[in-house]
Every structure is written in structure tokens, then in C-alpha cells.
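Hi,

Here's the structure I said I'd pass along. Have a look, and my notes follow underneath.

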Amino acid sequence: MHHFVYKDGRLQAEEFDVAELAATYGTPLYIYSTATLRRHYHAFDSAFEGLDHLTCFSAKANSNLSVLRLLGDMGAGVDIVSGGELYRALKAGIAPEKIVYSGVGKQRHEIEQALEADILMFNCESVPELELINEVAQEKGLVARISLRINPDVDPQTHPYISTGLKKNKFGLNLEQSEEAYRLARDLPGVDPIGMDCHIGSQLTSIEPFLEALERLKRFYAKLQDMGLAIRYLDLGGGLGITYDEETPPHPQQLGEALAESLKDLDVTLILEPGRVIAGNAGIMVSKVLYTKTSEAKHFTVVDAAMNDLVRPSLYGAYHRLAEVTPQKRQELPMDIVGPICETGDFLAQDRTLPELAPGECIAAFSAGAYGFTMASQYNSRPRAAEILVDGDQARIVRRRETYEDLIALETDALTGK
Ligand SMILES: *Cc1c(COP(=O)(O)O)cnc(C)c1O
């Protein structure tokens, strides 16, 4: 059952007509589907039913409070990468014992904040970070539960910007360094090494890289046991891909079965950190056509959404399916769909064949529920878009559209002091 489908020639978001939502709430507009978020979370989490596990949704994919709360209510924990995400997760009612904290650049104040909240564990990415966590914990008379992020040097075969588990990437420690670091962690009084962690990349479309990473971690687990460490958590990160275009990623069930097989003799709690696979296809971004024009070389459709609203095409050359919300039979032609921002890199799609669009009509960018709004900015002093969450016949604004006042709210005019 899909929740963004055409009915009588009009795109629906659950029980709503998307063109009507756009008219009511304005554009650009992010629309998330409650039913889809629920379905995706359930499909993912239940794929690991047979395993002792914890699903920690990756907040950076979509950190809207209502989205976090909705998933939290279904039992999800959260994977955070900043103090700001910790703040959001706690506000959304996520239990601290279901929060894991990843990221290469944790700062002292963020470590303090996470220790005070008593989160499940820090996924620690370097020796200096380990030492700082130890120091901060000791100052507070606490012991920080940690795992080390191990870089298993597995090629996830995805876009270079979203591959993270290769030797040349900035993330984690290689196996040799990890051994040293665990030895150190064992002897530091302010940390308790209870886990192993890796996250090899994003938008993976096969399970082999996950299995290969797990094999390497399992070999390492044995070494840690010999060292006298009691590892209780194995965090395999996120990264399962979704269909943007024609990708055919494995179903979570396939991953679940393969992992269950591989983990059957380990006495650990498996942690998973899915982001995109939960939220990606649970959201669309709707924008309105402003102008069309044809140069000698190209046809352009200028829409009111830009790279500040949805940066993935500009940043990674990512593909988002684009379609009219009220399709009509028209001549199709190749075109660039571009935004109003003064950058050549500002486009939603290039050389895309679409019907000749008319000013005033809306188009939807599909698969925009992950790394869409969370990556939005105010570049060109464009107020950020509104986000709405539909649930059957209910629609709620879960983040109002920013205003011009919001744009300058934090600034002071040096001349007038106001
Ligand atoms: C981004 C990230 C994730 C989520 O990745 P997806 O591809 O969205 O599933 C999980 N863990 C870590 C450490 C991340 O940085």
C-alpha cells in the first residue's frame, strides 16, 4: 500500500489532494505521510524480530520533532550526531537508554550533555575523543558507555560522498588502531567499552557489504573477548538504500535474515541505525512552476523550490523523481528544472524528460523525506519551507514556514544596535 498515489489523475498524500495542500499551505512544501513512516519503521524493525536488537532511527535523515515522536512511540531509539539532535530527541520523548551518539567531532559540551542525559552509548571515532570522553566522565564522577567506530574497509559501492567505511574516509578507526584503542579504553576509568560500531555508507543496494563488514567485526569481536572485554552491543549502522529511480535495494527482511544467520553464535544486542530507508519515501517536496523558457540549447522550467530547499541533486547529483501533481496529456521534452537561486548548480533535475509544464502548476519531488528538509538552508535569504505531516484525513503543520522576521531574528544591526 503506497500513500503517495494518483487517484482520478491527481496526486494524493494519504487522504489529501496534494494540489489542495499546496494551495492551503503554500510552496515549497514538505509533506510526510504518517502511514508510510509507520509502515517503513515496522517493516524494518520486524525484519530483526528474531534477534535481540534496537532500531535507532538516524535523526539526521529527518529530525522533525513530530517524526521523531511518531517513531519513538513505535519503539524506535535514535542515532544522533550532535548536541542539537540530542536536544531534539529528548524533546520528542525518546528514552535516553535508546540513544546512541555517532560523529567524528563531538565537543566537550556535547559530551557533557550526553553524559548528563545518560544515553546508551557513545560511538567513539578517535583516540583523542576517547580520552576526552574519559576525562569529562571522570570530572562528573560518571562512567561513559562507549563503543569504538571501526572502519572495516569495505566498499559499499555507493556514491563517494556517502561511502564512509573505506580506509580513506574520515570516519572511525581502522582495525589495527581499534585494537590499540580498545586496550586503552579497557584501562581508562571513565569509560566502559561495551560495544562495537561501524557504519559503512549510505544508499547501499546490496546486502553483501553489510555481511562483509559484519564478518570483519566478528573476527575482531573474538580478539576483544581474548582481551577480557565484555562486548554487549554490536552496532552495524544504517545505510540500507531505497528506490529513487530504478534501484532495487534488498528488503529489510533479507538483511534481517542474513544478519540473524551470521550473528547466531554471538551474545550481543544488535543496533541498527536506519535513516533513509525509514523516511526517504515517506515524504515529498512540492513546488510550483514560476516560468518556463527555452534557450538555444535547452528548455528550462523555473520552480519556486531551490537547492536551499532540497540540495541533494546539487550536492550529489542525486536523482529525485519529479512529476506533476495533476498530470495532463502534453508534449514531453527534455528540460532542466531549476530554482531561483543564483548558482548554476541550483537544479532539481537536469536533462529530464517531462511534459511541458505551465506556470502556476505544482510538481512533486518524490523520495524527499530523508536528507531533504534537514539539509535545507536560508541561502539567498529564502525562508525555509513548511513541513506538514498527514495522517489519514488529518494534516498538521509540524514546522511552519519561516518568515522574513525569522531570517533576521538573530542578527543585530551594528549601527543602530537593534
Ligand atoms: C547518516 C548515518 C546513518 C543513517 O544512514 P542512512 O543511509 O540514512 O540509513 C546511520 N549511522 C550513522 C553513523 C550515520 O552517519
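The shell around the ligand is made up of seven polar, five charged and two nonpolar residues; here Ala, Val, Leu, Ile, Met, Phe, Trp, Tyr, Cys and Pro count as nonpolar, Asp, Glu, Lys and Arg as charged, and the others, Gly among them, as polar. Before you dig in: this is a predicted model, where local features need pLDDT of at least 70 and side-chain atom pairs count only at pLDDT 80 or more, while totals for chains, interfaces and linings use all residues. Numbering starts from 1 along each chain as its sequence is written, and side-chain values use heavy atoms, with hydrogens and water left out.

Back to the ligand. Of the 14 residues around it (a heavy atom within 4 Å), Lys-60, Ser-202, Glu-273, Arg-276 and Tyr-371 come nearest. As for polar contacts (N or O pairs within 3.5 Å), a side-chain N or O of Ser-202 sits 2.2 Å from a ligand oxygen. For Tyr-371, a polar side-chain atom is 2.5 Å from an oxygen of the ligand, and Gly-239 uses a polar backbone atom at 2.8 Å from a ligand oxygen. The protein buries 94% of the 390 Å² that the ligand exposes when taken alone (Shrake-Rupley areas, 1.4 Å probe).

There's one cavity of 30 Å³ or more, a cavity being a set of points on a 1 Å grid over the protein atoms alone where a 1.4 Å probe fits but cannot get out. The largest cavity has about 60 Å³ of space, taken as the space filled by probe spheres set on the points. Its lining (an atom within 4 Å of a point) includes Phe-44, Phe-210, Gly-239 and Pro-274, and splits into eight nonpolar, three polar and no charged residues.

Disulfides (cysteine sulfurs within 2.5 Å)? The whole-structure search finds zero. For Cys-56, the nearest cysteine sulfur is that of Cys-198, 14 Å away. Cys-56 is buried (under 20% relative accessible area) at 0%, and Cys-362 is buried too, at 11%.

Cheers

Methods. Polar contact = N/O pair within 3.5 Å; in protein donor to acceptor, adjacent residues only side chain to side chain. 1 Å grid on protein atoms, 1.4 Å probe; cavity = no way out; pocket = protein on both sides within 12 Å on 5 of 7 lines; lining within 4 Å. Disulfide = S-S within 2.5 Å. Buried < 20%, exposed > 50% of the residue type's maximum accessible area, 1.4 Å probe, protein only.
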